[in-house]
Amino acid sequence: MTKSENLDQIDHDTTSEDSATATESSSQDFSETNSKPASSEPETTEQPSKSEKPIKKARRKSTKTSQKANKSDKIKESHISKASVSVTPRFRTTVIALLCVSLLTSAASLSYIIWDIVRGDTPITFNYDNDGNSANFTEGSIADVASKVTPGVVSIVTEVNTTGFFGQTSTSTAAGTGMIVTKDGYILTNKHVIDGANKIQIVLDDGTTYDNVTTVTTDPLNDVAFLKINDASNLPTVKLGDSKTIIAGQQVIAIGNALGQFQNTITSGIISGTGRSITATGSDYSSSESLSDMIQTDAAINSGNSGGPLVNAAGEVIGINTATSANADGIGFAIPISSVKGMLKNITSNNSTDRSYIGVYYVNITPDVAKAYDLPVSSGAYIYSQSQYSAIVKDGPAAKAGLKEKDIITKINGIKVGSAGSVSTLIGEYAPGDTVQLTVIRDGKERSINVTLGKCPKN
């Protein structure tokens with residue numbers, strides 16, 4: 001069910017000191033009180049010689065003084081010992097507070113784990129911190145990566161009722177591919193895979209089949225659809241990567257239901273280019289669609305691969321396989337995964353199917369476009385309408401933020417427009433209501449404008 005691509009392309013988108021003082025004072029007081037004890041010896045008429053008297057007094061005095069000193073030292077030790085083990089009210093309060101905080105944190109963590117298990121789905125993994133696009137396949141690693149990703153890749157079988165030339169009705173079947181993105185059964189695929197379907201069946205990698213499947217929504221700006229397996233839980237999922245950092249020459253693999261009969265076929269290749277604009281036509285040539293900012297790859301994408309994952313060497317999904325060229329070998333196209341993250345987040349977190357947008361018409365800037373319009377930059381988005389209508393949607397997010405026709409958007413939240421993706425793709429990472437910062441060139445001067453994203457019209 002892969003779309004064919006027309007190569008006629010078009011552009012889009014303290015207390016210790018006090019204790020010591022107290023101890024010294026107590027010891028001193030004790031010595032002074034006992035410095036003159038009463039003598040218990042009876043008086044004698046025999047007078048000692050002058051030479052003995054001082055000696056005896058000196059000995060007695062020395063002995064008593066030594067005893068007093070020993071007592072004083074014991075008292076000092078006693079005071080010091082008591083001071084070292086004393087606990088102040090502030091210290092006790094601090095310890096109790098820390099214990100309470102620790103217990104509350106542990107309880108909250110346990111509650112979240114229990115709630116997550118009961119709820120039955122898994123937060124979507126967006127890989128921003130570790131960029132898997134810098135990884136390369138090594139000997140045997142393609143098989144290892146494929147074995148980790150394929151359990152989350154499904155075959156989608158549809159039934160479509162068609163009417164013949166003479167009015168007769170018939171039923172035909174078709175097959176495509178999808179990816180499980182949450183454990184409770186949300187599936188990401190191409191819109192054209194399910195177009196006109198009366199019945200949708202999901203087949204897992206292990207052969208498990210689900211018939212109770214509903215279409216959640218489709219992307220009004222892209223060939224993307226979201227399905228839901230009802231009453232499902234604990235399903236294997238794929239991991240979403242970052243398509244903003246992909247580069248030409250990077251190694252990738254494509255996984256899909258080739259020809260609608262060879263489930264989870266693995267093909268390998270490289271990214272041949274980025275930012276491609278194409279016109280994709282259905283296999284029956286009854287419809288066509290202009291797609292921009294596509295990833296070009298030479299990994300074989302055959303009929304039936306539509307909706308399957310394009311995967312980097314770290315096992316992360318960076319694209320949705322969508323189209324192949326009917327006039328050339330080794331040219332296939334995938335939608336950048338970043339462009340669907342906002343909708344996916346909005347669906348799973350807010351139970352809303354709205355897509356974000358800023359409300360402008362623009363031309364993707366290339367060196368040729370920059371020369372034709374005499375622009376000061378060779379990449380970005382030129383807000384310009386080639387028709388009689390304004391490039392700024394009336395009462396849209398851009399209009400409210402103060403954007404003007406002929407402004408040039410060069411960055412979105414610090415990410416360069418062009419090399420990392422088009423405006424549509426970069427905005428696609430956010431949900432309606434999110435605020436993003438646009439770096440804009442107006443009259444030769446750069447400025448920053450904050451825009452609160454709105455809900456994209458569905459027709």
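**Entry 1: aromatic rings**

I began with the tyrosines and found that ring pairs link Tyr373, Tyr382 and Tyr384 into a cluster. I note at the outset that this is a predicted model. I then asked how many aromatic pairs the structure holds. The count is 3. I looked up the pair of Tyr373 and Tyr382, whose ring centres lie 5.2 Å apart with 55 degrees between the planes. I recorded this pair as tilted, because only planes over 60 degrees apart count as edge-to-face.

I also checked the accessibility of both partners. Tyr382 has a relative accessibility of 6% and is entered as buried because the limit for that class is under 20%. Tyr373, at 28% relative accessible area, is partly exposed.

Over the face of another ring, that of Tyr186, I located Lys228, at 5.4 Å from the ring centre.

**Entry 2: the open sheet**

I traced an open sheet of 7 strands and wrote down its order as β6-β5-β2-β3-β4-β8-β7, with antiparallel pairing. Which strands stand at the edges? They are β6 and β7 (213-218); each has a single partner strand, so one side of each lacks a neighbour in the sheet. As a reminder to myself, strands of a sheet pair through backbone hydrogen bonds.

I followed β5 (residues 199-203) in both directions. Towards strand β2 (residues 153-163), I counted 5 bridges in the antiparallel sense. Within this pairing, Thr158 has Ile200 as its bridge partner, and Ile156 stands opposite Ile202. Towards strand β6 (residues 209-210), I found 2 bridges, again antiparallel, with Val203 opposite Thr209. I noted further that β5 and β6 form a hairpin with 5 residues between them. In its turn, Gly207 has a positive phi of about 95 degrees.

**Entry 3: the largest cavity**

I looked up the largest cavity and recorded a volume of about 90 Å³. Its lining comprises 13 residues. Which of them lie nearest the centre? I listed Ser243, Thr274, Asp293, Ala420 and Gly421. Two elements, β10 (262-281) and β11 (288-297), each give two or more residues to this lining. The largest share, 3 residues, comes from β11. By residue class, I entered the lining as 7 polar, 5 nonpolar and 1 charged.

**Entry 4: Ile253**

I placed Ile253 in strand β9 (residues 251-258). Is Ile253 buried or exposed? Its relative accessible area is 0%, and I entered the residue as buried. I also looked up its separation from Ile271, which lies 18 residues away along the chain. The C-alpha atoms of the two residues are 9.6 Å apart.

**Entry 5: positive phi outside glycine**

I then turned to backbone angles and noted two residues. Asp395 is not a glycine, yet its phi is positive, at about 60 degrees. I found Asp395 in the loop between β17 (380-383) and α8 (397-401). Its relative accessible area is 58%, so it passes the limit of over 50% for an exposed residue.

The second residue is Lys406, also other than glycine, with a positive phi near 80 degrees. Where does Lys406 lie? I located it in the loop between α8 and β18 (408-412). Lys406 counts as exposed, at 54% relative accessibility.

Conventions:
Residues numbered from 1 in each chain as written. Predicted model: local features only at pLDDT ≥ 70, side-chain atom pairs only at ≥ 80, totals over all residues. Heavy atoms only, no water. 1 Å grid on protein atoms, 1.4 Å probe; cavity = no way out; pocket = protein on both sides within 12 Å on 5 of 7 lines; lining within 4 Å. Points joined across faces, edges and corners; volume = space filled by probe spheres on them. Helix = DSSP H or I, 4+ residues; strand = E, 2+ residues; numbered from the N terminus. Nonpolar A, V, L, I, M, F, W, Y, C, P; charged D, E, K, R; others polar. Phe/Tyr/Trp six-rings, centres within 6.5 Å; stacked < 30°, edge-to-face > 60°. Buried < 20%, exposed > 50% of the residue type's maximum accessible area, 1.4 Å probe, protein only. Lys NZ or Arg CZ within 6 Å of the ring centre and 35° of its normal. Pairing = 2+ DSSP bridges.
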